Amino acid sequence: MFVPIAVAVVVGVLGWAYQAIKPPPPKICGSPDGPPVTSPRVKLTNGRHLAYRETGVSKEEAKYKIIVVHGFDSSKDFSLPVSQELIEELGIYFLFFDRAGYGDSDPNPKRSVKSEAFDIQELADKLHIGSKFFVIGVSIGAYPIWGCLKYIPNRLAGASLVVPFVHYWWPCFPSQLAKEGFKALPARDQWVFRVAYHAPWLFYWWMTQKWFPSLSFMSGNMSIFSQPDLEMLKKLSEIPSVGQEKIRQQGDHESLHRDIMAGYSKWEFDPLDIDNPFPDNEGSVHIWQGGQDKIIPYKLNQFISERLPWIKYHEIPEGGHFFIFDHKICEDIIRELLLG
């Protein structure tokens, strides 16, 4: 009698565990159970769709073409505070897009640093913006830029990584430096990134369970923001947001969770493996970091820039994580990328 009961209990526990760690199916845009498609999209060779938004001068007239890669819990509808005067003066075309699983872009269950880079390349080709283009990546949207520098450097005219994501398990970091940066994070965030790196198969469960605190950003923990960030968030809250309701419409797992999992996966390279994409100074690569950023420890990006002298490092001493939304700094970023 005991054995059948024990077997039933074990089977029941295993069944519960399987359901707990298995993410729900995505609500794909345009499918019977999904939200409607409300943005222009291109179809990639693997059948997925990427949604995009074009601003600035027309690509036919543009002197400079920039693809902008949004950050965490964001989309193609976020805007850079660049004046129309600068856009027309320099002749800038901007291409924003929803990364896989965000907004109106189809999810990618095999999402990775490499797949994000090739999504950017194929988007550029589908929209015929030319053989070379500039890229700007913001926060976690910078890991696709590292992918571009590694996998498609021949397509780049220049790159800017703004408050860029850092991977605490990159082999290039001295262990003490990585440990100091990691320990500066809230304990709950440390555990999120540990699970993403060491046990990605468990990540959905970790992000949805109620026993332990999860990611600070998603739980509304404002202590992760510096004073400059709190002031910027207040300013941004006074501006009507566009498309906010669509960011996670295909499910948190396909947008937010997979973003973290891809970023903290085991990469095929680390930044110090990348060769200078512009040996003849025909372009430039920039890292912009805030001295008051509590989300991305500045010393780690500073270390990378020191080891890669072809990267131009810019530190905003009083800047937090959101300084790109400062009009003057944002235009400085654009000018340095295009003219510096």
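I take the expected span of a helix as 1.5 Å times one less than its number of residues. With that in hand I opened this predicted model and began at helix 12.

**Helix 12**

I looked up helix 12, residues 327–339, and found 13 residues. From its first C-alpha to its last the helix reaches 18 Å, close to the 18 Å expected at 1.5 Å a residue. I then checked the start of helix 12, where a side-chain oxygen of D326 comes to within 3.0 Å of the backbone nitrogen of K328. Next I listed buried residues in helix 12: I329, C330, E331, I333, I334, L337 and L338. I kept a reminder beside that list: an α-helix has 3.6 residues a turn, so residues three or four places apart point the same way.

**The sheet**

I turned to the strands and asked myself in what order they run in the sheet. I read 1-2-4-3-5-6-7-8, with 8 strands forming an open sheet of mixed pairing. Strand 1 (41–43) and strand 8 (311–316) stand at the edges with a single partner strand each, so one side of each has no neighbour in the sheet. I noted an average twist of 25° from one strand to the next.

I followed the edge at strand 1 and found that it pairs with strand 2 (residues 49–56) in the antiparallel sense, over 3 bridges. Within that pairing, I traced V42 to its bridge partner in strand 2, L50. I then looked at helix 11 (residues 298–307), which packs on the sheet and touches strand 7 (285–290) and strand 8. The direction of helix 11 makes about 155° with that of strand 8.

**Aromatic pairs**

I counted rings next and got 27 aromatic pairs in the structure. One of them is Y64 with F134, edge-to-face, at 5.9 Å centre to centre and 65° between the planes. This pair links distant parts of the chain, with Y64 in strand 3 (residues 64–69) and F134 in strand 5 (residues 133–138), 70 residues apart. Y64 and F134 are both buried.

I also picked out F165 and W267, a stacked pair with 6.2 Å centre to centre and 10° between the planes. F165 lies in the loop between strand 6 (156–162) and helix 5 (175–183), and W267 in the loop between helix 10 and strand 7, so the pair ties together parts 102 residues apart in sequence. I found F165 and W267 buried too.

**D275**

Is D275 buried or exposed? I found D275 in the loop between helix 10 (252–263) and strand 7. Exposed means over 50% relative accessible area, and D275 counts as exposed because its relative accessibility is 64%. Last, I checked D275 against L44: they are 231 residues apart along the chain, and 28 Å separates their C-alpha atoms.

Key
Residues numbered from 1 in each chain as written. Predicted model: local features only at pLDDT ≥ 70, side-chain atom pairs only at ≥ 80, totals over all residues. Heavy atoms only, no water. Pairing = 2+ DSSP bridges. Helix = DSSP H or I, 4+ residues; strand = E, 2+ residues; numbered from the N terminus. Axes fitted to C-alpha atoms, helices over the stretch in contact; angles between N-to-C directions. Contact = heavy atoms within 4.5 Å. Buried < 20%, exposed > 50% of the residue type's maximum accessible area, 1.4 Å probe, protein only. Polar contact = N/O pair within 3.5 Å; in protein donor to acceptor, adjacent residues only side chain to side chain. Phe/Tyr/Trp six-rings, centres within 6.5 Å; stacked < 30°, edge-to-face > 60°.
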